[in-house]
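Dear colleague,

Please find the structure below, handed over for your records. My findings follow it.

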Amino acid sequence: MTDVSLRLEQPADDPAIECLLDLGFSSNRRQRGVYSLRAPGGQAFPVCQVAVAAGAIVATLRFWPVALAGYASVYLLGPLSVAAAWRHRGLGATMVEAGLALVDRAGIEAVVVSGEPDFYRRFGFVAGAPLGLVLPLPVEPERIMIRSRVAPPAQPLGPVSRAAAAVRPPAELGAG
Ligand SMILES: CC(C)(COP(=O)(O)OP(=O)(O)OC[C@H]1O[C@@H](n2cnc3c(N)ncnc32)[C@H](O)[C@@H]1OP(=O)(O)O)[C@@H](O)C(=O)NCCC(=O)NCCS
């Protein structure tokens with residue numbers, strides 16, 4: 001993929017990202033239960049990326065800090081959205097791989113996602129429901145997945161909840 005590049009999300013990207021998400025998930029997406037776990041503006045900026053082609057944002061992947069008992073740090077993956085014209089070229093997978101590499105480098109212990117198992121399994125996610133992982137959302141149990149870099153705490157894992165602390169944007173953190 002030569003004509004697209006990834007970079008960290010910046011606060012000024014927000015309008016273009018929101019537009020891309022409306023196209024990918026429909027404009028009533030904020031009513032989905034998963035949004036209750038995402039503090040507005042609280043995405044983990046140092047690991048959120050966009051893909052840019054010809055100056056336009058064509059894909060977005062965000063992560064959000066959440067809380068899960070037994071883990072010191074957990075992120076919720078998503079939303080992931082690739083512009084229709086850019087799908088089926090490996091960009092979605094590239095975004096997830098690159099995002100998880102940043103998350104791993106940041107020392108985050110686990111990542112949870114509500115998504116398609118056939119897509120996320122390739123990145124090391126496993127079914128969360130058999131481990132007792134619960135997302136407080138109306139979501140099919142088979143879509144709940146977790147990727148853990150440390151030995152899981154005692155099972156059942158229990159419910160994921162919204163993290164209390166807000167995450168500052170990269171400008172304040174001094175990151176790219
Ligand atoms: C899902 C999405 C991010 C995939 O982006 P992409 O750039 O096309 O993904 P990739 O090219 O890296 O991988 C595509 C492969 O992933 C798998 N895949 C993609 N979406 C899938 C889904 N919903 N269910 C199962 N497998 C899926 C398929 O094997 C697909 O192979 P194909 O291209 O031969 O059909 C994109 O379709 C999108 O933005 N959709 C709208 C938003 C959305 O539904 N996001 C939810 C992500 S769980």
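The notes below are grouped by region.

Please bear in mind throughout that this is a predicted model.

**Strand E4 and its partners**

Strand E4, residues 74-82, is mostly covered, with nine of its nine residues buried. On one hand, E4 pairs with strand E3 (residues 56-67) in the antiparallel sense, over seven bridges. Within this pairing, threonine 60 stands opposite serine 81 of E4. The hairpin of E3 and E4 has six residues between the strands, and glycine 70 takes a positive phi there, near 95°.

E4 also pairs with strand E5 (residues 110-114), in this case in the parallel sense and over three bridges. Here valine 74 stands opposite alanine 110 in E5. Between E4 and E5 the chain passes through helix H2 (residues 91-105), and the resulting β-α-β crossover is right-handed.

E4 also contains proline 79. The peptide bond that leads from glycine 78 into proline 79 is cis, with omega near 0°.

**The ligand shell**

The ligand is surrounded by 16 residues, of which Gly24, Arg87, Gly92, Ala93 and Glu116 are the closest. Four elements each supply at least two residues of this shell: helix H1 (14-25), E4, H2 and helix H3 (117-120). By character, the shell divides into six nonpolar, six polar and four charged residues.

**Helix H1 and the loop that follows**

The length of H1 agrees with expectation, because its 12 residues at 1.5 Å a residue should span 16 Å, and its end C-alpha atoms are 16 Å apart. Just after H1, serine 26 takes a positive phi of about 85°.

Cysteine 48 lies further on, in the loop between H1 and strand E2 (49-53). Is cysteine 48 buried or exposed? Cysteine 48 has 22 other C-beta atoms within 10 Å, and the cut-off for a buried residue is 20 or more, so cysteine 48 is buried. Glutamate 9 is 39 residues away from cysteine 48 along the chain, yet the C-alpha atoms of the two are separated by 5.5 Å. Leaving aside residues up to four places away in sequence, cysteine 48 touches Leu8, Glu9, Gln43, Leu61, Arg62 and Phe63.

**Proline 141**

Proline 141 is located in the loop between strand E7 (133-134) and strand E8 (144-148). Proline 141 counts as exposed, because it has 12 other C-beta atoms within 10 Å and the limit for an exposed residue is 12 or fewer. The C-alpha atoms of proline 141 and glutamate 109 are separated by 22 Å, with the two positions 32 residues apart in chain terms.

**Backbone features to check**

Most residues other than glycine have a negative phi, and most peptide bonds are trans. The following places depart from that pattern.

- Alanine 54 has a positive phi, near 50°. Alanine 54 sits in the loop between E2 and E3 and is exposed, with 7 other C-beta atoms within 10 Å.
- Histidine 88 has a positive phi of about 65°, although it is not a glycine. Histidine 88 belongs to the loop between E4 and H2 and is exposed, with 8 other C-beta atoms within 10 Å.
- The peptide bond from glutamine 155 to proline 156 is cis, with omega near 0°. Proline 156 is found in the loop between E8 and strand E9 (158-159).

With kind regards

Note on methods: Residues numbered from 1 in each chain as written. Predicted model: local features only at pLDDT ≥ 70, side-chain atom pairs only at ≥ 80, totals over all residues. Pairing = 2+ DSSP bridges. Right-handed = clockwise from strand over helix to strand, strands pointing away. Near = placed C-beta within 6 Å. Nonpolar A, V, L, I, M, F, W, Y, C, P; charged D, E, K, R; others polar. Expected span 1.5 Å × (residues − 1). Contact = placed C-beta atoms within 7 Å.
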